[in-house]
There are 2 protein chains.
Amino acid sequence: MKAKTYSISDLSKEFAITTRTIRFYEQQGLLAPSRQGQTRIYSEKDRVRLMLTLRGKRLGFSLAETRELFDMYDSTREGDEKQLEYMLNILARKRADMEQQLKDIENLQRELASAEERCLSALSEVRKREKAQRAAS
Amino acid sequence: MKAKTYSISDLSKEFAITTRTIRFYEQQGLLAPSRQGQTRIYSEKDRVRLMLTLRGKRLGFSLAETRELFDMYDSTREGDEKQLEYMLNILARKRADMEQQLKDIENLQRELASAEERCLSALSEVRKREKAQRAAS
DNA sequence: TATAAAGTTTACGTTTACGTAAAGGTGAAA
DNA sequence: TTTCACCTTTACGTAAACGTAAACTTTATA
């Protein structure tokens, strides 16, 4: 039952972020580490929340949005009807957002691939010409 | 040969953004509309760039990044070897980013779906209990 | 015991991406 | 002709997400 814990620098190293960032997330209500005296002690749950927060960032979520999702997730246990309906709405919106992002990414991937092709062929053109030039000198 | 053009408010309506935003993007070098006197005239190319800029935003690109991509795309025509190699590097990085985002989205979609399930079953629980309560009164 | 290494709080600074006036020009309709 | 509606520039304001520095405590180690 020895629950694994982490120091702030453990987490900052693992996720390649500054301790300032981690404290800031706490201040924004995203993390709630326990304390040992003054020092923050992070549980596995805190670590997961940090991961989720960072993933949220990669997906364009604001910290406030992520926090809202966390809060709702927690309050879902209480089973308030209004809350549940509200959460379902948010979930539907997020899912729509993700659908859009999927399309965006697929399109961009296609474009990046074709840009890469054009780039490579332009590059081989340049190199062919260089070679010809060297041969002629 | 009558090339279609757009006014600033045309574009602001189409994309549901303010004219301030559009002018700001121009100031950041993302758009380059021609002028008729003082008034800006947007070409189809401008419109496409605006679309791409907005998509970039949805995918977490900064305006500076998007601008860099535009600039590179344009300068690719000139076929400078260094430039081409540089662009290929950037393209590779972006593709890796997009791969990560794809994974992020797939994971989040799964989680949203399961959160929705839990939410719905919690909701039906609540309603069942309410019904029972009404019947008992 | 002193000195580094890691932790803390407080607080002002910075960048990005616009928002929000203020003050004015231009052309068409009433 | 005046009154809209739409355009312009200039410029200060702002929210989000940290960066950075100062000043201090606690713990480990030489």
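**Note on a predicted protein–DNA model**

1. A base oxygen of DNA strand D is 2.9 Å from an N or O atom in the side chain of A:Arg20. The model is a predicted one, and the distances and areas in the points that follow should be read as values computed from a prediction.

2. Around DNA strand D there are 17 residues, of which the closest are A:Thr18, A:Tyr25, B:Ser9, B:Arg23 and B:Arg40. Of the atoms of DNA strand D that come within 4 Å of the protein, 71% belong to sugar and phosphate. Two of the phosphate approaches can be given in detail: a polar side-chain atom of A:Thr18 lies 2.7 Å from a phosphate oxygen of the strand, and an N or O atom in the side chain of B:Arg23 lies 2.6 Å from a phosphate oxygen of DNA strand D.

3. Which elements supply at least two residues each to the surface near DNA strand D? They are helix 2 (19–27) of chain A and, from chain B, helix 1 (8–15), helix 2 (19–27) and strand 3 (39–43). Helix 2 of chain A gives the most, with 4 residues, and by class the surface near DNA strand D has 4 nonpolar, 7 polar and 6 charged residues.

4. DNA strand C is surrounded by 17 residues, and the closest are A:Ser9, A:Arg23, A:Arg40, B:Thr18 and B:Tyr25. Sugar and phosphate make up 71% of the atoms of DNA strand C that come within 4 Å of the protein. Side-chain N or O atoms lie 2.7 Å from a phosphate oxygen of DNA strand C in the case of B:Thr18, 3.3 Å in the case of A:Arg35 and 3.4 Å in the case of B:Thr21.

5. The surface near DNA strand C draws at least two residues from each of helix 1 (8–15), helix 2 and strand 2 (39–41) of chain A, and likewise from helix 2 of chain B. Helix 2 of chain B contributes the largest share, 4 residues, and the residues of this surface divide into 4 nonpolar, 7 polar and 6 charged.

6. Turning to the protein–protein contact, 39 residues of chain A and 38 residues of chain B take part. Between them the two chains bury about 3900 Å², with 65% of that area on carbon and sulfur atoms. On the side of chain A, the residues that lose the most area to chain B are A:Arg55, A:Leu112 and A:Cys119, which together account for 14% of what that side buries.

7. How many salt bridges does the rule find across the interface of chain A and chain B? It finds 10, and one salt bridge joins the side chains of B:Arg95 and A:Glu116 at 2.4 Å, N to O. Across the interface there are also 12 residue pairs in polar contact, both residues at pLDDT 80 or more.

8. Helix 3 (44–58) and helix 5 (81–136) of chain A each provide at least two residues of the side of chain A that touches chain B, and helix 5 of chain A has the largest share, 31 residues. By class, that side has 20 nonpolar, 5 polar and 14 charged residues.

9. Helix 5 of chain A has 56 residues and reaches 82 Å from its first C-alpha to its last, close to the 82 Å expected at 1.5 Å a residue. The N-terminal end of helix 5 of chain A is capped by A:Asp80, a side-chain oxygen of which lies 3.2 Å from the backbone nitrogen of A:Lys82.

How values were computed
Residues are numbered from 1 along each chain as its sequence is written. Chains are lettered from A and ligands numbered from 1 in the order in which they are written. This is a predicted model: local features need pLDDT of at least 70, side-chain atom pairs count only at pLDDT 80 or more; totals for chains, interfaces and linings use all residues. Side-chain values use heavy atoms; hydrogens and water are left out. Contact means heavy atoms within 4.5 Å. Buried area is the accessible area (1.4 Å probe) that two parts lose on being put together, summed over both. A salt bridge is a side-chain nitrogen of Lys or Arg within 4 Å of a carboxyl oxygen of Asp or Glu. A polar contact is a pair of N or O atoms within 3.5 Å; within protein, one must be able to donate a hydrogen and the other to accept it, and residues adjacent in sequence count only if both atoms are side-chain atoms. Ala, Val, Leu, Ile, Met, Phe, Trp, Tyr, Cys and Pro count as nonpolar, Asp, Glu, Lys and Arg as charged, and the others, Gly among them, as polar. A residue is near a molecule or strand if one of its heavy atoms lies within 4 Å of it. The expected span of a helix is 1.5 Å times one less than its number of residues.
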